[in-house]
Every structure is written in C-alpha cells, then in structure tokens.
Amino acid sequence: MQNSSYQDVFDFTDDNSNSWIITTLIKSIPIVLNSALNEDEKQVFHLIFYKDLSQRECASVLGKSRSSINRIYHKAIEKITTHLQVVECVLKKVKEEQES
C-alpha cells in the first residue's frame, strides 16, 4: 500500500462541505488501512476485497481456519469503521472552524 500522510489527502479548498468530507474520507482509506490494521488483517482485507476471494479461499491461501479468517476480517472491518468515523468527526470540526 502506498505510504501517504493525512496532510497529503486533506484539501480544505472545496466549498461543498459534504463533497469535501466524502472525498477526503475516500482518499484517507489507504492511510487507515496501512496504519490501523496489523499484518494479518491487511492480508485478509487485501485477499477478500482486492482479490475477491471468499473467506474459505482466503483461509486456504493463508493456511488458517475459516473461523480464524472470519474473526480477523470482522476485527479489520471494526477498526476501519472506527478510524473512518474519527476522521469524519475531525474533518467536520475543521470545516466548521473554517466556516466560522
């Protein structure tokens, strides 16, 4: 995954608040994936979402049980969701401060 920082994706110049927040959230996904997930979670996420493997196929590739892959997958999704919610809150706060 590409190494980026939050400064690389934040663009405070868009006047449309919702568009700006959505665009920045989308741009921040690789950063969240790289910084929030451990190696197992990154591998499972990559195989399921980018290689379109099932959890069973992912388990076979990684030499783990399907239940282990399921647990890793759900933990990764939980971490991604939490991090993106935090990023969204920060972006909204920054936008509010800029508008006032």
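# A tour of an all-helical model

With the whole chain in view, note that the protein has five helices and zero strands, and that the elements run α-α-α-α-α when followed from the N terminus. Bear in mind throughout that this is a predicted model. Buried residues account for 30% of the 100 residues in the protein, while the accessible surface comes to about 6,500 Å², with 50% of that area belonging to carbon and sulfur atoms. If contacts with a separation of 6 or more are considered, residues 24 or more positions apart account for 59% of them.

**The interior.** Select Leu25, Leu37, Ile80 and Leu91, which, within the 13 residues of the largest nonpolar core, touch the most other members. The elements that give two or more residues to this core are H2 and helix H5, residues 66-99, and H2 provides the largest share, with six residues. Apart from this core lies another one of eight residues, and to find it you can select Val44, Ala59, Ile69 and Tyr73, which are among its members. As a general background to both selections, nonpolar side chains in soluble globular proteins tend to be buried together.

**A nonpolar patch on the outside.** Next, show the surface and select Ile22, Ile26 and Ile29, which form a nonpolar patch there, with about 260 Å² of accessible area together. Ile26 is found in helix H2, which spans residues 17-36, the helix that also gives the largest share of the core visited above. Is Ile26 buried or exposed? Ile26 counts as exposed because its relative accessibility, 54%, is over the 50% cut-off.

**The loop between H3 and H4.** Move now to Asp52, in the loop that lies between helix H3 (39-50) and helix H4 (55-62). Most residues other than glycine have a negative phi. Asp52, however, has a positive phi of about 60 degrees although it is not a glycine, so the backbone at this position is worth displaying together with the side chain. Asp52 has a relative accessibility of 66% and therefore counts as exposed.

**Two cysteines.** Finally, select Cys58 and Cys89, and compare their surroundings. Cys58 counts as buried because its relative accessibility is 0%, whereas Cys89, at 53% relative accessibility, counts as exposed. How many disulfides does the structure hold? The structure holds zero disulfides.

Note on methods:
Residues numbered from 1 in each chain as written. Predicted model: local features only at pLDDT ≥ 70, side-chain atom pairs only at ≥ 80, totals over all residues. Heavy atoms only, no water. Patch = residues over 30% accessible without salt bridge, like charges linked within 9 Å, V, L, I, M, F, W, Y side chains within 5 Å. Areas by Shrake-Rupley, 256 points an atom, 1.4 Å probe, with all protein chains shown as cover. Salt bridge = Lys/Arg side-chain N within 4 Å of Asp/Glu carboxyl O. Helix = DSSP H or I, 4+ residues; strand = E, 2+ residues; numbered from the N terminus. Buried < 20%, exposed > 50% of the residue type's maximum accessible area, 1.4 Å probe, protein only. Disulfide = S-S within 2.5 Å. Core = buried A, V, L, I, M, F, W, Y, C linked by side-chain atoms within 4.5 Å. Contact = heavy atoms within 4.5 Å.
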